Amino acid sequence: MFAYLVRRLFLMLVTLFGISVVIFFLLRIVPGNIVDILFAAAGYVDPADKVDLEKQLGIDQPLVVQYLHWIGGLLRGDLGYSYVSEKPALQEILPRIPITARLAGLALLFSASIGIPLGVISAVKQGSRIDYALRVLSLSGLSLPSFWLGLLVLTASVAMFGQMPIFNPNPQSFAEAFATYCIPAMVVGFRSSALTMRITRSSMLEVLRQDYIRTARAKGASDAAVNYHHALKNAILPVITVIGIEAAFLIGGLIVTETVFNIPGVARFLVEAIRWRDYPIVQNLVMFIAVVVVFANFTVDMLYAVFDPRIRYTD
Amino acid sequence: MRSVRALAAAAALSLLAFSTTTFAGEPKQGGILRMYHRDSPANASILEGATYSVNVPFMGVFNNLVIYDQHIAQNSPDTLRPELAESWSWGSDNKRLTFKLRQGVKWHDGKPFTSADVKCTFDLLMGKSQQKLRQNPRKAWYSDVDDVTPNGDFEVSFNLKRPQPSLLAMLASGYTPIYPCHVSPADMRTHPIGTGPYKFVEFKANESIKLTRNPDYWKKDLPYLDGIEYTIIPNRSTAILAFVAGKFDMTFPTHITIPLLKDIKSQAPNAVCVVEPTNVSTNIIVNSTSAPFDNIDIRRAMSLALDRKAFVDILFEGQADIGGTMLPPPQGIWGMPKDKLQTIPGYGPDVNANREEAKKLMQKAGYGPDKHLAVKVSTRNLAEYRDPAVILIDQLKSIYIDGELDVVETANWFPKVARKDYMLGLNLTGNSVDDPDQSFYENYSCGSERNYTNYCNKEIEKLFDLQSQEIDIGKRKQLVWDIDQKLQEDVARPIIFHARAGTCWQPYVKGVTIMSNSSYNGFRYEDVWLDK
């Protein structure tokens, strides 16, 4: 087990190194840099001024030097300065992480707490009206883009309640806190819960046909014990995999949700930073996301062993 | 006697009514004005900015030497008002402009304002100081200024190379605040210090901008507001819904398109909304240095094919203006009158006749029903660029030109245009001051960085200088109209239309005036108040 963990950690480091190279060079392949954008906004191109500014920002240096400078700083905990705000990148990124983390955590919680039970119900009641209704619900969840759903929620709340659930950094009441985090989390988690529900349903249907389930019923186990103790425990592995993958994909959903609900989180900040070609912010944010994804995968792998005793990570 | 009593009673009643009206309209102190901001500006330095995204939130932090009257919608030479300058006078040769400065004015950090600050500001703008602006988009505005000399602490003179009455117009722009000598340009980008009605509190990128009342403002009892808070909401739908829901007191100025304005009026019927020209023209840039547009006949044909009214009807539901380079009257000061405009080829009302003439020119150049000219119509990847470009492509079909839309990312648009890597482009040109000097030299002068089409006509260049030095406004107008007409006839940069946009605020917001010939100069907000 220990050797497996060491090997996984080594592989994670290699993966992160590879990601850092890819991020760095992909960003440079994209046409235009911060100087182009600043000058484009000004509507003029003075070559001498551009050269001066590129020199000031250090983007005139060879790419390898720029890469080593970035990665060296990263290892020392120095993330550099934002080209746009001229503030330390860490100071810009850090306050936004808890906002997005809360939102992502709530979205995942919503996804799992709604998707898994509804998936179980749908499988157990296969072919019933409730199954059809839940399948329609899950299909709608998969088909509705989250930005559209978000706008729909905003429009409906303005039209029906005359209120607008957009971000409030200091919520004064439970209702405000709910509007600030829970509504956007539900919007972004809706699609994810639909997927979780469908996977849970199909996995459960497969397990429910197994002999040991019939045996458990024959022995007089209650429906709840059969469904949740015997069946769900064995059906959960694919669901965990999907939730793990969804955690990684969540950032995509959060970009639009943070934009629509005007939440100053990491995802929206990343988009703005890409728009400005603010390399220090983009590189460090994408690295941060990569670290989260790599660790999420690692956690999922570890959870397999927890939920399925047959799985053992050996040397 | 009875009539005397009745008269007295009537007088007393009318006095009461008058005093009540006065009381109801009396500005009230206090309150925070909440607005949304359309995007996150790059920084807080107006001198380095080239978008009104910087002017709107930060103009209230500063003062200018002179300013356009903030309650007269049309900026004109008659609406110039003293601000940090108490008065100004021209020398006898009109080459020396002297300002008497206001005494007792303090920067927000408590240091006194003097003539040295004025000199520092203009040395920065002219690129003469040790410290440099990170970018200096309006350096060309001051190309006629030889130097700025302080005469004691409270007088300063601008020495010009030749007379230029328009200099005052540039100085009155929201783009020309006075900066303090003792704060570096880098600090001004992150924490601006001014003399204005509001002090800078914080700017959180992509989140918010906060200003607070300057209690030591040199104008007694102003500002009325305790502060202004801008919440940055790039998503227009979210921003408008938030305004409708009452989260904001005012929309971002001139941010509402005409179709969206109808939505706001239906959902928030009490909102006060105004539509004004933005002094941003949508125009065609033609690469006349290479085939096929090096042929003047093809350029003229293209210009003749334009149905400007169709653009205005489709994009603005009829609420935009057709004109030449300068914003047309009545809002524009220098635009050609309608009768003169209609004599220019392509501006006449009979579009079919214009297109028939255009077809003949195309046939002369070797194109016709059997041989179409294929061109790429390049434009920036923003809706206000893309939408008219699509209509343009459609209209060009009528004269045997098959256009293909080439959408270019913002970061690459100006570099592409500057290196002439396009055939035909659809461009937007914003004028921060409604003045011919700013527009002509910037966009049509030989060698200018923003003269994207490389149009260069030495004869016209002489006329630019002539109008620039003309003191008599009537004579100058005639010169400007002749120049504008010639520019359109030369197809230097065919102007399609001048846009309009809307601004809305809640009925309790008082004292807001939206400028009608500039989107850059009306955001001091020192006497805006909330009637709550």
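**Cavities and a helix crossing in a predicted two-chain model**

Modeller: The largest cavity has 16 lining residues, and A:Val84, A:Phe269, A:Trp276, B:Ala205 and B:Asn206 lie nearest its centre. This is a predicted model, in which local features need pLDDT of at least 70, side-chain atom pairs count only at pLDDT 80 or more, and totals for chains, interfaces and linings use all residues. Residues are numbered from 1 along each chain as its sequence is written, chains are lettered from A and ligands numbered from 1 in the order written, and side-chain values use heavy atoms, without hydrogens and water.

Biologist: What makes the space lined by these 16 residues a cavity?

Modeller: On a 1 Å grid over the protein atoms alone, a 1.4 Å probe fits at its points but cannot get out, and lining residues have an atom within 4 Å of a point. The largest cavity holds about 130 Å³ (space filled by probe spheres set on the points, which are joined across faces, edges and corners). The search of the whole structure finds five cavities of 30 Å³ or more.

Biologist: Which helix gives the largest share of the lining of the largest cavity, and what classes make up that lining?

Modeller: Helix α12 (residues 266-276) of chain A gives four residues, the largest share (helices are DSSP runs of H or I, at least four residues; strands are runs of E, at least two). By class the lining has nine nonpolar, four polar and three charged residues (Ala, Val, Leu, Ile, Met, Phe, Trp, Tyr, Cys and Pro count as nonpolar, Asp, Glu, Lys and Arg as charged, the others, Gly among them, as polar).

Biologist: What lines the second largest cavity?

Modeller: Its volume is about 80 Å³, and the lining includes A:Val84, A:Lys87, A:Glu92, B:Arg189 and B:Phe203. In chain B, α5 (185-190) and β8 (198-204) are the elements giving two or more residues to that lining. The lining of the second largest cavity divides into four nonpolar, three polar and four charged residues.

Biologist: Why are α1(A) and α13(A) called roughly antiparallel?

Modeller: The axes of α1 (residues 2-29) and α13 (residues 279-307) of chain A come within 10 Å and cross at roughly 150° (lines fitted to C-alpha atoms over the stretch in contact, with angles from 0 to 180 degrees between N-to-C directions). Over 145 degrees counts as roughly antiparallel, and the pair is therefore roughly antiparallel. The residues of the contact of α1(A) with α13(A) are 18 nonpolar, four polar and three charged.

Methods
Angles under 35 degrees count as roughly parallel, over 145 as roughly antiparallel, 65 to 115 as roughly perpendicular and the rest as oblique. On a 1 Å grid over the protein atoms alone, a cavity is a set of points where a 1.4 Å probe fits but cannot get out, and a pocket is an open set with protein on both sides within 12 Å along at least five of seven lines; lining residues have an atom within 4 Å of a point.
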